[in-house]
Each structure stands twice: as structure tokens, then as C-alpha cells.
Amino acid sequence: MARLPNYRFFWNDSAGGSNGCWVGVQPGELTGTRYSVEIRYTDQFPWAPPAAFILDPRVLVSPHRFADGSLCLFDRTSAWRFLSAQAIATQVALWIFCQETWELTGGHAKYLSTGSIRDTFDFWPAPQERH
């Protein structure tokens with residue numbers, strides 16, 4: 001796929017549902033770290049949003065992940081249905097940039113000292129919804 005050169009699409013027809021996913025590598029702009037990424041579509045798509053995950057290296061702490069470990073890329077009640085896989089991959093790249101900035105500018109250190117992820121939202125360098 002020319003539009004997602006670092007990603008490959010896989011189809012999985014297991015467990016009674018049809019699931020597709022894009023798997024690829026996204027470089028971190030600040031650290032040069034190569035992140036393995038998976039963008040999953042469930043059989044509920046387009047009525048349920050796709051979910052993106054960092055597979056490697058493991059992100060242990062982030063103020064912008066859901067309980068299942070998926071990345072908080074956009075307001076899940078917004079018009080995400082109109083986002084292409086390429087647009088979602090772009091959102092993943094932005095999330096990685098914000099995560100690296102959060103880690104490098106003290107968000108992670110503040111979390112370690114306070115034990116509260118909510119105390120670190122000010123270190124996230126992009127507009128955000130608190131969740």
C-alpha cells in the first residue's frame with residue numbers, strides 16, 4: 001500500500017467475527033525509537049471506532065491510553081468514521097510525538113513522584129480531553 005508504506009494490512013476471520021488490522025512501524029521524531037503499531041478494526045466497524053496499540057516497546061505509563069491499553073487518539077464520539085487508515089496512522093504519529101514530549105519534559109517523572117497520572121496532564125503538548 002503506497003499510502004501507508006510502513007504498514008501492512010492483515011485480515012483475521014477468527015472467533016466468529018471478521019477483524020482487519022494494519023500493523024506497521026512508526027518512528028519517534030524526538031528519540032528515534034521505532035514503535036511497532038497495530039490499528040485494529042472490529043466486526044462492529046464502522047459503528048465502533050478502530051483502536052490503535054503500541055506493541056513494542058511497551059509504553060508502561062501514559063495519560064492518554066484507555067483501560068484496554070489502546071491509544072487515545074480522538075474523541076470517540078466525534079466524526080471518526082470518516083477517518084481513513086492513513087489519517088489514523090497520522091494520529092498515531094502525533095500521539096507518539098506527544099508521548100515522547102511528555103516523557104522528556106517531566107510528565108513521567110512527575111507521575112513517578114506523585115503517583116497520580118492526573119497531575120501530569122499539563123505536560124501533554126496537544127489539546128486533550130481528560131479521561
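1. Helices and strands here are DSSP runs, numbered from the N terminus; a helix needs at least four residues and a strand at least two. On that basis the elements of the chain run β-β-β-β-α-α from the N terminus on. That comes to two helices and four strands. The model is a predicted one, and the points below should be read with that in mind.

2. Overall figures. The chain has 131 residues, and buried residues make up 37% of them. The chain exposes about 7,900 Å². Carbon and sulfur atoms supply 54% of that exposed area. Among contacts with a separation of 6 or more, 42% are between residues 24 or more positions apart.

3. The core. The largest nonpolar core has 24 residues. Which of them have the most contacts inside it? They are Tyr7, Val37, Ile39, Ile54, Leu73, Val92 and Trp95. Strand S3 (34-41), strand S4 (51-56) and H1 are the elements that give two or more residues to this core. H1 gives the most, with eight residues. As background, nonpolar side chains in soluble globular proteins tend to be buried together.

4. Ile54 in detail. Ile54 is among the core residues with the most contacts. Setting aside residues up to four places away in sequence, Ile54 touches Tyr35, Ser36, Val37, Val59, Leu71, Trp95 and Ile96. Val37 and Trp95 also appear in the list of core residues with the most contacts.

5. Gln26. This residue sits in strand S2. Is Gln26 buried or exposed? Gln26 counts as buried, because its relative accessibility is 12% and the cut-off for buried is under 20%. Neighbours within four places in sequence aside, Gln26 is in contact with Tyr7, Thr33, Arg34, Tyr35, Val37, Ala89, Ala93 and Ile96. Tyr7 and Val37 from that list are core residues named above.

6. Cys21. Strand S2 also holds Cys21. Cys21 is buried, with a relative accessible area of 15%. Residues up to four places away not counted, Cys21 touches Arg8, Phe9, Phe10, Glu38, Ile39 and Arg40. The C-alpha atoms of Cys21 and Tyr41 are separated by 5.8 Å. Along the chain, Cys21 and Tyr41 are 20 residues apart.

7. The salt bridge. A search of the whole structure finds one salt bridge. Arg40 forms a salt bridge with Glu38. Their closest N and O atoms are 2.2 Å apart. Arg40 is partly exposed, at 35% relative accessibility. Glu38 counts as buried, at 13%. Both Glu38 and Arg40 are touched by Cys21.

8. Aromatic pairs. The structure holds two aromatic pairs. In the Phe9 and Trp11 pair, the ring centres are 6.0 Å apart and the planes are at 40°. Why is this pair called tilted? The angle of 40° lies between the 30 degrees below which planes count as stacked and the 60 above which they count as edge-to-face, so the pair is tilted. Phe9 and Trp22 form an edge-to-face pair, with 5.3 Å centre to centre and 65° between the planes.

9. Where the rings sit. Phe9 lies in strand S1 (residues 7-12) and Trp22 in strand S2 (residues 19-27), so their pair ties together parts that are 13 residues apart in sequence. Phe9, Trp11 and Trp22 form one aromatic cluster. The exposure of these residues is as follows. Phe9 is partly exposed, with a relative accessible area of 38%. Trp11 counts as exposed, at 55% relative accessibility. Trp22 counts as buried, at 10%.

10. A surface patch. Which residues make the nonpolar surface patch of about 360 Å²? They are Leu30, Leu94, Phe97 and Leu104. Leu104 lies in helix H1, residues 85-104. Leu104 has a relative accessible area of 59%, and over 50% counts as exposed, so Leu104 is exposed. The helix that holds Leu104 is also the element that gives the most to the core.

Key. Residues numbered from 1 in each chain as written. Predicted model: local features only at pLDDT ≥ 70, side-chain atom pairs only at ≥ 80, totals over all residues. Heavy atoms only, no water. Patch = residues over 30% accessible without salt bridge, like charges linked within 9 Å, V, L, I, M, F, W, Y side chains within 5 Å. Areas by Shrake-Rupley, 256 points an atom, 1.4 Å probe, with all protein chains shown as cover. Salt bridge = Lys/Arg side-chain N within 4 Å of Asp/Glu carboxyl O. Buried < 20%, exposed > 50% of the residue type's maximum accessible area, 1.4 Å probe, protein only. Core = buried A, V, L, I, M, F, W, Y, C linked by side-chain atoms within 4.5 Å. Contact = heavy atoms within 4.5 Å. Phe/Tyr/Trp six-rings, centres within 6.5 Å; stacked < 30°, edge-to-face > 60°.
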